Amino acid sequence: MKWVKQEFLKKWIWGLRKYSSEKKSMSLMERKKAIKVSADLAMACTRNNRTRWSRALIANASKDGSSKILTEHLLSSSLPIRKSFNSTRMRSCRNILRRNRAVRRPKDRVVASFIAKKLVQKRTRRLKSLLPGGEFMDDVSLVDETLDYIQSLRAQVEVMRCLVTASELMILSPS
Amino acid sequence: MSTRRSRGSTRISDDQIIELVSKLRQLVPEIRNRRSDKVSASKVLQETCNYIRSLHREVSDLSERLSQLLTTIDADSAEAGIIRSLLNQ
């Protein structure tokens with residue numbers, strides 16, 4: 001985990017530098033977005049294409065106009081990515097999901113377990129919406145991807161917290 | 001109730017829930033503090049979603065704080081120089 005944090009920090013700072021050199025003066029919101037996108041991309045890059053959420057995050061950032069340049073900069077120094085995330089394989093997964101959505105109900109169901117099942121389905125959908133690329137994931141990979149994503153997010157937050165609180169201490173305290 | 005692990009099924013099987021619970025136990029604070037082993041699937045999913053959302057909020061909040069810092073630092077101060085060398089090159 002320590003290695004992941006080091007890699008993240010390096011890539012994040014690198015991304016921030018690229019952003020600063022591209023745009024000399026930014027508004028507060030622009031800068032905030034730059035910082036956040038740099039951080040998200042940096043963490044996704046540490047996964048080295050080995051997880052779907054990280055590939056989806058990078059693919060989405062490449063499509064977004066304001067993040068596009070940064071994504072290309074960051075990726076030119078890393079391993080090559082699969083540029084076509086919306087491949088035919090993903091499309092057929094989506095079609096399978098669509099077909100399976102029409103579930104045949106058993107004839108004698110207990111209302112309580114039916115409600116519980118519906119609740120699990122509803123919350124599974126919510127979880128998928130929170131994960132980058134989640135809507136294309138089957139339930140088998142969803143579990144592993146969720147765990148990896150949470151671990152990465154935690155590492156990202158810990159490093160960001162360190163940098164921000166240290167900077168605030170340095171700048172906001174009277175010297 | 002079928003628990004087939006076919007790709008593309010929209011239902012999570014019981015085995016996967018058990019696996020998810022045991023792994024999430026270490027990661028998600030809300031679940032770790034529960035003593036009962038019988039955590040329901042929907043509760044696990046709910047706490048997981050809440051946790052991810054709180055992490056997202058924190059990333060956003062930290063980004064905003066850093067943005068405000070960089071915007072308000074005095075251009076000539078020593079601190080500005082340090083931050084600049086770190087971030088601007």
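This dialogue explains how to read helix packing, helix length and salt bridges in a predicted model.

Trainee: How does one describe two helices that pack together?

Mentor: Two packed helices are described by the angle between their axes and the distance between those axes. In this predicted model, helix 7 (residues 139–172) of chain A packs with helix 3 (residues 41–72) of chain B at an angle of about 30°, and their axes are 9 Å apart.

Trainee: Which term describes the direction of helix 7 of chain A and helix 3 of chain B relative to each other?

Mentor: Angles under 35 degrees count as roughly parallel, and helix 7 of chain A and helix 3 of chain B are therefore roughly parallel to each other. The crossing of helix 7 of chain A with helix 3 of chain B is left-handed. The residues of this contact comprise 16 nonpolar, 7 polar and 5 charged.

Trainee: What span should the 20 residues of helix 6 of chain A have?

Mentor: At 1.5 Å a residue, helix 6 (residues 111–130) of chain A should span 28 Å, which agrees with the 29 Å between its end C-alpha atoms. Among the buried residues of helix 6 of chain A are Val120(A), Leu127(A) and Leu130(A), and also Arg123(A) and Lys128(A).

Trainee: How many salt bridges does a search of the whole structure find?

Mentor: The search finds 12 salt bridges over all chains. One of the pairs is Lys36(A) with Asp40(A), which meet at 2.7 Å, N to O. Both residues lie in helix 2 (residues 28–46) of chain A, 4 residues apart, about one turn of the helix. Lys36(A) is partly exposed, at 29% relative accessible area, whereas Asp40(A) is buried at 16%.

Trainee: Where do the partners Arg52(A) and Asp138(A) lie in chain A?

Mentor: Arg52(A) forms a salt bridge with Asp138(A), with the closest N and O atoms 3.6 Å apart. Arg52(A) belongs to helix 3 (residues 52–63) of chain A and Asp138(A) to the loop between helix 6 and helix 7 of chain A, so the pair ties together parts that are 86 residues apart in sequence. Arg52(A) is buried, with a relative accessible area of 12%, and Asp138(A) is buried as well, at 5%.

Trainee: Which residues are joined into one network by salt bridges that share partners?

Mentor: Glu7(A), Lys10(A) and Lys11(A) form one such network. Within this group, Lys11(A) and Glu7(A) have their closest N and O atoms 3.7 Å apart. These two residues are 4 residues apart in helix 1 (residues 2–22) of chain A, a separation of about one helical turn. Lys11(A) is buried at 17% relative accessible area, and Glu7(A) is buried at 15%.

Conventions. Residues are numbered from 1 along each chain as its sequence is written. Chains are lettered from A and ligands numbered from 1 in the order in which they are written. This is a predicted model: local features need pLDDT of at least 70, side-chain atom pairs count only at pLDDT 80 or more; totals for chains, interfaces and linings use all residues. Side-chain values use heavy atoms; hydrogens and water are left out. Axes are lines fitted to C-alpha atoms, for helices over the stretch in contact, and angles run from 0 to 180 degrees between N-to-C directions. Angles under 35 degrees count as roughly parallel, over 145 as roughly antiparallel, 65 to 115 as roughly perpendicular and the rest as oblique. A crossing is left-handed if the near helix is turned anticlockwise from the far one by less than a right angle, and right-handed if clockwise. Ala, Val, Leu, Ile, Met, Phe, Trp, Tyr, Cys and Pro count as nonpolar, Asp, Glu, Lys and Arg as charged, and the others, Gly among them, as polar. The expected span of a helix is 1.5 Å times one less than its number of residues. Buried means under 20% relative accessible area, exposed over 50%, partly exposed in between (1.4 Å probe, protein chains only). A salt bridge is a side-chain nitrogen of Lys or Arg within 4 Å of a carboxyl oxygen of Asp or Glu.
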